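The following exercises practise reading secondary structure, packing and burial from atomic coordinates. Please attempt each task before consulting its solution.

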Amino acid sequence: MPVSRRTFAAAAVCVVLPLSGCGSGGDGGPTDASGKIEGDITFQTWNLRANFKDYFEGLIADFEKKYPGTDVKWIDQPAEGYADKISADAAGGTLPDVVNVSPDLVAPLAKAGLALDLDKAAGQYKKEYLQGAWASHRIPGMTGTYAFPWYLNTGPLFYNKSLFEEAGLDPDQPPKTYDEVFSAALQMAKKTDGKVATLANVPTVEDFGRYGVPLMNKEGTAFTFNDTKGVELLTKYKKLYDAKALDPQALTATPESSGKKFLTGAVAMNPGSALDLGNFKKQAPNLYKNIGITDQITSTGHVNMYVMGVMVNAQTKRTPAAVAFAHYVTDAEHQMSFAQQVAIFPSTAGSLDDPYFTKEDGTDETRVRIAAAKSLKNAVNYTPVLFSEQMKTELRNEVAKALQGKESPKQALDNAVEACDRLLRQQG
């Protein structure tokens, strides 16, 4: 899939499988991956062929050369409808042997017995990966790890220095805390008579996580983001919305529309990644000249990261080949070579200490890459694995009602938690 910070946020979709059509844990092919690596397997990626055809064709050719008698058929699916495609394949018994997934896509597959437990089948590889990355494909209420961690992403906040200056804010001292962001946003709105908003997006579950709100109970059986701290955050966003410090179209914003608002100077701050700098240079040279780069705002000391994984179908008839290929795609050498083609980060232990991620060369792109790599070492994937696309919609709808004044922030979050808990019980 396209790998900017914003598209990671947009594409973390979830699938609800018709479990009756999928079998249950323990069905399917052998879980022992220690046999001979041979045979035909299928490998599915998520919207990567257009930009990385040569990379993957080379990767597959090298694997087939290393393991004579293997044949890897590569399938690439478009970003749109990816979750639905996986759901249909899972129900129909046509899920590929090796599948590119995000943690929330893994959860229903693991519950349906379709994701191989790598702690059992490939536990010897665990030490090769960052601890947080390996843990990202674990499912609350289940034992095991259900995908190899692949690439990671995170990113800074970009801000428009000239807009800050015009509003009487210090362009070289960007806000570092939530209170500073909210204060700057109110000042920006006041100085521009509401013409320039500071933020373009309503709070998501990741924002509640970064604010320090506990999102779920320890058992993973109920959501908890309607606590006092959660209500406090939404109340502050309501104040921003009323003052036009939050873009009026934030209720219906997409990552793309927010990005365009930032490009045109209608919004003063927007999250992004190193990948975005090239777009700014090309599409908005004046913005690029005035671009400020600062860290993600967080009250926890841990930034948010987005994780991609590579899952092995538990029902594959070629377990040794499928596990070997999934590991090959995600080993340190191949993650590093992929990271040098696109602005993503390896999940393998030690890779982020490579000079590519630590050595300054005076460019903004490198500065962003180094800062992101450093923050990833202790970053957290705040989105709960069990937080489905439907749940995201419920939260977004209730947040909108609170911002519009149709419900109090407390009532809105209580309603969102109640709806998400109901959906969680249906998953179980």
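Four exercises with worked solutions follow.

This is a predicted model, in which local features need pLDDT of at least 70, side-chain atom pairs count only at pLDDT 80 or more, and totals for chains, interfaces and linings use all residues. Residues are numbered from 1 along each chain as its sequence is written, and side-chain values use heavy atoms, with hydrogens and water left out.

**Exercise 1. The five-stranded sheet**

Task: Determine the strand order of the open sheet of five strands, and identify the helix that lies across E1, E2, E3, E4 and E8.

Solution.
Step 1. Helices (H or I, at least four residues) and strands (E, at least two) are DSSP runs numbered from the N terminus; two strands pair if DSSP finds at least two bridges between them.
Step 2. The order is E2-E1-E3-E8-E4, with mixed pairing. Strands E2 (70-77) and E4 (148-153) form the edges, each pairing on one side only.
Step 3. Four bridges link E4 and E8 (residues 306-312) in the antiparallel sense; in E8, Val-307 is the bridge partner of Leu-152.
Step 4. Helix H14 (residues 319-330) lies across the five strands named in the task, at about 25° to E4. Axes are lines fitted to C-alpha atoms, for helices over the stretch in contact, and angles run from 0 to 180 degrees between N-to-C directions.

**Exercise 2. A loop residue and a bent helix**

Task: Classify Thr-316 as buried or exposed, and locate the bend in helix H2.

Solution.
Step 1. Thr-316 is placed in the loop between E8 and H14.
Step 2. Buried means under 20% relative accessible area, exposed over 50%, and partly exposed in between (1.4 Å probe, protein chains only). Thr-316 has 2% relative accessibility and therefore counts as buried.
Step 3. The side chains of Thr-316 and Asp-97 are joined by a polar contact of 2.7 Å. Such a contact is a pair of N or O atoms within 3.5 Å; within protein, one must be able to donate a hydrogen and the other to accept it, and residues adjacent in sequence count only if both atoms are side-chain atoms.
Step 4. H2 (residues 49-66) bends by about 35° at Tyr-55, the bend being the angle between axes fitted to the seven residues ending there and the seven starting there.
Step 5. Buried residues of H2 include Phe-52, Tyr-55 and Phe-63. The buried residues of this helix pack against E1, E2, E4, H14 and helix H15 (332-339), where contact means heavy atoms within 4.5 Å.

**Exercise 3. The three-stranded sheet**

Task: Which strands stand at the edges of the open sheet of three strands?

Solution.
Step 1. The order is E6-E5-E7, and the pairing is antiparallel.
Step 2. E6 (269-271) and E7 (291-294) stand at the edges; each has a single partner strand, so one side of each lacks a neighbour in the sheet.
Step 3. E5 (residues 157-160) is joined to E6 by three bridges, with Leu-157 opposite Pro-271.
Step 4. Helix H11 (residues 255-263) packs on this sheet and touches E5, E6 and E7; its direction makes about 140° with that of E6.

**Exercise 4. The span of a helix**

Task: Compare the expected span of helix H18 with the distance between its end C-alpha atoms.

Solution.
Step 1. The expected span is 1.5 Å times one less than the number of residues.
Step 2. H18 (residues 409-427) has 19 residues and should span 27 Å; its end C-alpha atoms are 27 Å apart, which agrees.
Step 3. The buried residues of H18 pack against helices H4 (103-111), H9 (205-210), H10 (228-242) and H17 (389-403).
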